[in-house]
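Open the model in your viewer and keep the selection tool at hand. The stops below go from single residues to the whole chain, and then to a pocket.

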Amino acid sequence: DSKQVLAYALRARLWNVLGDDPQMRRDADRVVEMLGKSISSFEEEELVAHGTALLLRGQTAHALPSFNAALQLNPKSAEAFAGRARVWRSEGKNAQAVEDLSEALKTEGKVSLYLFSRAAALHDLGRYDEAVTDLMAAILLNKVFYPAYGLLGTTLTVKGDHKRAMAAYNK
């Protein structure tokens, strides 16, 4: 049942955020098991769930076709763009990740996680001013998004702005 698959996919993502790898792996495995290997009959949400589960299992190369298929069904799927950006980041293709995250942000509007992810890719590309802009926007949307403060501190340190970096680290 599609709703059950999506529930397992969401729970796997939550376990991942909480750092519970065994639980995350169990739920991600369940998603892949329930959906099987053929993605040709999946709906957009199932494709994104499948790709995300594969990412959580560390199978990034296998996740890409699911996200691409989701984007063929819905060329404005912010979640598919963000998922594909995670694949690009894992492969060191930060410019492609920035493009996909920009598309996700165009579609979905300001989402702190998408802004943070794009900032991380921009940082890795050496585009520090743009990274700071995205991080500040992510923090404005979510004042307790502590990973954004950490990356902001790192980015400001690289730029030589140690005073603001320390303020970010102290959040």
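**Stop 1: Asp124**

Select Asp124, which is found in helix α7. The model is a predicted one. Is Asp124 buried, partly exposed or exposed? Its relative accessible area is 46%, so Asp124 is partly exposed, given that the partly exposed class lies between 20% and 50%.

Next, show the side chains around Asp124. Leaving aside residues up to four places away in sequence, Asp124 touches Arg89 and Asn94. Then add Leu35 to the selection and draw a C-alpha to C-alpha distance from Asp124: the two are 35 Å apart in space and 89 residues apart in sequence.

**Stop 2: Glu99**

Move to helix α6, which covers residues 94–108, and pick Glu99 there. Glu99 has a relative accessibility of 53% and therefore counts as exposed, the cut-off being over 50%. Now select Arg118 as well. Arg118 and Glu99 are 19 residues apart along the chain, and 8.7 Å separates their C-alpha atoms.

**Stop 3: Thr155**

Go on to helix α9, residues 146–159, and select Thr155 within it. Where does Thr155 stand, buried or exposed? Its relative accessibility is 0%, so Thr155 counts as buried; the buried class takes in values under 20%.

Show what surrounds Thr155. With residues up to four places away in sequence left out, the residues touched by Thr155 are His123, Tyr128, Ala131, Val132 and Leu135.

**Stop 4: Leu10**

Select Leu10 in helix α1. Its relative accessible area of 48% makes Leu10 partly exposed. Add Val31, which is 21 residues from Leu10 along the chain; their C-alpha atoms are separated by 9.9 Å.

**Stop 5: the whole chain**

Clear the selection and switch to a cartoon view. How many helices and strands does the chain have? There are 10 helices and zero strands, and from the N terminus on the elements read α-α-α-α-α-α-α-α-α-α. The chain is as compact as a globular protein of 171 residues, because its radius of gyration is 17 Å and the globule rule gives 16 Å for that length. Turn the model along its principal axes: the C-alpha trace spans about 50 × 30 × 25 Å.

Colour by accessibility next. Of the 171 residues in the chain, 42% are buried. Switch to a surface view: the chain exposes about 9200 Å², with 53% of that area supplied by carbon and sulfur atoms. For contacts between residues at least 6 apart in sequence, 43% join residues at least 24 apart.

**Stop 6: the largest pocket**

Finish at the largest pocket, whose volume is about 680 Å³. Which residues lie nearest its centre? Select Arg13, Asn16, Arg86, Leu113 and Ser117; these are the ones nearest the centre, out of 23 residues that line the largest pocket.

Now colour the helices around the pocket. At least two lining residues come from each of α1 (2–18), α3 (44–56), α5 (78–90) and α7 (112–124). Helix α5 gives the most to the lining of the largest pocket, namely six residues. Two of the helices have been visited already: Leu10 lies in α1, and Asp124 is in α7.

Last, colour the lining by residue class. It has 15 nonpolar residues, four polar ones and four charged ones.

Conventions
Residues numbered from 1 in each chain as written. Predicted model: local features only at pLDDT ≥ 70, side-chain atom pairs only at ≥ 80, totals over all residues. Heavy atoms only, no water. 1 Å grid on protein atoms, 1.4 Å probe; cavity = no way out; pocket = protein on both sides within 12 Å on 5 of 7 lines; lining within 4 Å. Points joined across faces, edges and corners; volume = space filled by probe spheres on them. Helix = DSSP H or I, 4+ residues; strand = E, 2+ residues; numbered from the N terminus. Nonpolar A, V, L, I, M, F, W, Y, C, P; charged D, E, K, R; others polar. Rg over C-alpha atoms; globule rule 2.2 N^0.38 Å. Buried < 20%, exposed > 50% of the residue type's maximum accessible area, 1.4 Å probe, protein only. Contact = heavy atoms within 4.5 Å. Areas by Shrake-Rupley, 256 points an atom, 1.4 Å probe, with all protein chains shown as cover.
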